[in-house]
Amino acid sequence: MAMREAVLQALKEKNGEWLSGEMLSESLKVSRTTVWNQIKALLAEGYEVESSPRKGYRLSSPPDILSPAEVCPGLTAEVFGRKEYLYYQEIDSTNSQAKALASKGYPEGTLVVADMQTAGRGRRGRSWYSPGSQGIYMSIILRPVLPLKEISRISLLVAVAVAETLAEELNLPACIKWPNDILIDNKKIAGILSEVVTDMDGIEYIVVGIGLNINNQPQDFPSDFRTPATSAMAEDRCLVSRVKVLQGLLARLESHYLDLLAGRFAGTLEKGKSLSVVIGQELKLDTINGVLQGQAVDIDDHGFLLLRDQSGIIHTIMSGEITI
Ligand code: BTN
């Protein structure tokens, strides 16, 4: 175990009580200066450690930090976040970082998580509001051996995993606004940005980026959002453990993804349809080929939306922006 983890574990074992610097340095067989350097590293990671010349050190509040030291112990996912887990207190965008790592050959399941993003990116060139210590900002590298036309299945499975996590971990009635928005009562709680890089053989890698609003105060959201925003805390009226949500999300993402690779997509598709707020609705759809208007009738086996226009023609849509 690294020295920083050993210091952290010793502090946690005291359950909020003081631990003297002398005892700590004796039990870990290092100098008081080494202990202090590890405490400084923990403070820099966001841990709230009090220090007193007489009493020593104390972990002030139960940490809700998305570092591997906090997330991995309760993680049931076996690949996602297990091989490579990169945690940043601050970064421009976890998607940009994951893409840079993927192009260097980082493996499937590599997880990039940040406490805060300075240039979080949303779909269609928008930005993603990413204040410190409030949300979950994560990106994962996938390297599926799948034909390119199955890419929308991945979009749908990610949306299902996010909505299920909110429902099952926090009891929130989360729905999917095809293809990538997760809503509660028509307010957006999470967004997904998938970026694909292809080569001659098909998909080289996909970076799936997920932003979840967890402990944001509703009044803090910028007022220029297209869709009104909400957070888990705003819905639940209490502080939510980001660590618990991330652990649950990684487990569900991995399980739906492994099902897809094993040719078992039917269950995920049914779940996605049942959670969809668009099926049966009259809507306007902004696609790369122009605006379509009509009724959303179904989501097909590829994860594409089927839209019947006024003349009864069914359009198969891979991606677009819906206005209901
Ligand atoms: C959207 O709804 O427009 C998609 C938002 C995706 C935001 C996440 S936050 C983590 C990851 N890093 C980014 O820069 N964007 C995604």
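Reader: Before we look at the ligand, what counts as a polar contact here?

Author: A polar contact is a pair of N or O atoms within 3.5 Å. In this predicted model, asparagine 95 fits that description, since one of its backbone N or O atoms lies 3.4 Å from a nitrogen atom of the ligand.

Reader: OK, and what does arginine 121 do with the ligand, and which part of serine 93 is involved?

Author: Arginine 121 places a polar backbone atom 2.7 Å from a nitrogen atom of the ligand, whereas for serine 93 a polar side-chain atom lies 2.7 Å from an oxygen atom of the ligand. Taken alone, the ligand exposes 410 Å², and the protein buries 98% of that.

Reader: And where does the ligand sit?

Author: The ligand sits in the largest pocket. There are 20 residues around the ligand, and those that come nearest are Ser93, Gln117, Arg121, Arg123 and Lys188.

Reader: What is that shell like by class?

Author: The shell around the ligand has six nonpolar, 10 polar and four charged residues.

Reader: Which helices and strands supply it, then?

Author: At least two shell residues each come from helix H5 (94–103), strand E5 (135–142), strand E8 (187–199) and strand E9 (202–213). The largest share, four residues, is supplied by E8.

Reader: Switching topic, how many aromatic pairs are there?

Author: The count comes to three aromatic pairs. One of them joins phenylalanine 80 and tyrosine 257 in a tilted arrangement, with 5.7 Å from centre to centre and 45° between the planes.

Reader: Why does that pair tie together parts that are apart in sequence?

Author: Phenylalanine 80 lies in the loop between helix H4 (68–71) and strand E3 (85–88), while tyrosine 257 belongs to helix H8 (residues 242–261), so the pair ties together parts that are 177 residues apart in sequence.

Reader: Last thing, what about the backbone: which peptide bond is cis, and what is the phi of asparagine 15?

Author: The peptide bond from tryptophan 178 to proline 179 is cis, with omega near 0°, and proline 179 is found in the loop between strand E6 (175–177) and strand E7 (181–184). Asparagine 15 is not a glycine, yet has a positive phi of about 50°; asparagine 15 lies in the loop between helix H1 (3–13) and helix H2 (21–28).

How values were computed:
Residues are numbered from 1 along each chain as its sequence is written. This is a predicted model: local features need pLDDT of at least 70, side-chain atom pairs count only at pLDDT 80 or more; totals for chains, interfaces and linings use all residues. Side-chain values use heavy atoms; hydrogens and water are left out. A residue is near a molecule or strand if one of its heavy atoms lies within 4 Å of it. A polar contact is a pair of N or O atoms within 3.5 Å; within protein, one must be able to donate a hydrogen and the other to accept it, and residues adjacent in sequence count only if both atoms are side-chain atoms. Accessible areas come from the Shrake-Rupley method with a 1.4 Å probe; for residues, only the protein chains shown count as cover. On a 1 Å grid over the protein atoms alone, a cavity is a set of points where a 1.4 Å probe fits but cannot get out, and a pocket is an open set with protein on both sides within 12 Å along at least five of seven lines; lining residues have an atom within 4 Å of a point. A molecule sits in a cavity or pocket if more than half of its atoms lie within 2 Å of its grid points. Ala, Val, Leu, Ile, Met, Phe, Trp, Tyr, Cys and Pro count as nonpolar, Asp, Glu, Lys and Arg as charged, and the others, Gly among them, as polar. Rings of Phe, Tyr and Trp (its six-membered ring) pair if their centres lie within 6.5 Å; planes under 30 degrees apart count as stacked, over 60 as edge-to-face and the rest as tilted.
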